[in-house]
Amino acid sequence: MSEKVSYKQALQRIEQIVSEIEGDNPDVDRLTDLVKEGLELLNFCKKHLKDTEQELSAALQDLEDL
């Protein structure tokens, strides 16, 4: 991903991609581009969720150590 996007923006774009695929019947080249972009965004979201889970776990562990 060339530009910095937030998790919320990534989810919104994924929703747009799904709508475009379902509704516009894109040609094969456009479909390929949309699927690639969607997968990139899904990977971004997955990594973001994993990182957030680790941060929260560490914070909760710090609270338990108090």
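**Exercise 1.** Which side chain meets that of Arg13 in a salt bridge?

*Solution.* The model is predicted, so that local features need pLDDT of at least 70 and side-chain atom pairs count only at pLDDT 80 or more, while totals for chains, interfaces and linings use all residues. Residues are numbered from 1 along each chain as its sequence is written, and side-chain values use heavy atoms, with hydrogens and water left out.

Step 1: apply the criterion, which asks for a side-chain nitrogen of Lys or Arg within 4 Å of a carboxyl oxygen of Asp or Glu. The partner of Arg13 is Glu37, with an N to O distance of 2.8 Å.

Step 2: place the two residues in their helices (DSSP runs of H or I, at least four residues, numbered from the N terminus). Arg13 belongs to helix α1 (residues 7-24) and Glu37 to helix α2, so this salt bridge ties together parts that are 24 residues apart in sequence.

Step 3: consider accessibility, where buried means under 20% relative accessible area, exposed over 50%, and partly exposed in between (1.4 Å probe, protein chains only). Glu37, with a relative accessible area of 29%, is partly exposed.

**Exercise 2.** Find how many salt bridges the rule gives, and describe the pairs formed by Glu20 and by Asp51.

*Solution.* Step 1: the count comes to 3 salt bridges.

Step 2: Glu20 pairs with Arg30, and their closest N and O atoms are 2.9 Å apart. This pair links distant parts of the chain, since Glu20 is in helix α1 and Arg30 in helix α2, 10 residues apart. Glu20 is buried, at a relative accessible area of 18%, whereas Arg30 is partly exposed at 33%.

Step 3: Asp51 pairs with Lys47, the closest N and O atoms lying 2.7 Å apart. These two residues are both in helix α2 and 4 residues apart, so about one helical turn separates them. Asp51 counts as partly exposed at 26% relative accessibility, while Lys47, at 52%, is exposed.

**Exercise 3.** Which residues make up the largest nonpolar core, and which make the nonpolar surface patch of about 390 Å²?

*Solution.* Step 1: a nonpolar core is a set of buried Ala, Val, Leu, Ile, Met, Phe, Trp, Tyr and Cys residues joined through side-chain atoms within 4.5 Å. The largest such core has 7 residues, namely Val5, Ala10, Ile14, Ile17, Leu34, Leu41 and Cys45. The elements giving two or more residues to this core are α1 and α2.

Step 2: patch residues have over 30% relative accessible area and no salt bridge, with like charges joined within 9 Å and nonpolar side chains (Val, Leu, Ile, Met, Phe, Trp, Tyr) within 5 Å; the accessible areas come from the Shrake-Rupley method with a 1.4 Å probe, and for residues only the protein chains shown count as cover. Ile21, Leu31, Val35, Leu39 and Leu42 make the patch, to which α2 gives the most, with 4 residues. Val35, itself in helix α2, is partly exposed at 40% relative accessibility.

**Exercise 4.** Where do Lys46 and Gln16 lie, and is Lys46 buried or exposed?

*Solution.* Step 1: Lys46 is found in helix α2 (residues 28-64), and its relative accessible area of 63% makes Lys46 exposed. From Lys46 to Leu34, the C-alpha to C-alpha distance is 18 Å, with their positions 12 residues apart in sequence.

Step 2: Gln16 is found in helix α1 and is partly exposed, with a relative accessible area of 47%. Gln16 and Leu63 are 47 residues apart in sequence and 40 Å apart in space, C-alpha to C-alpha.
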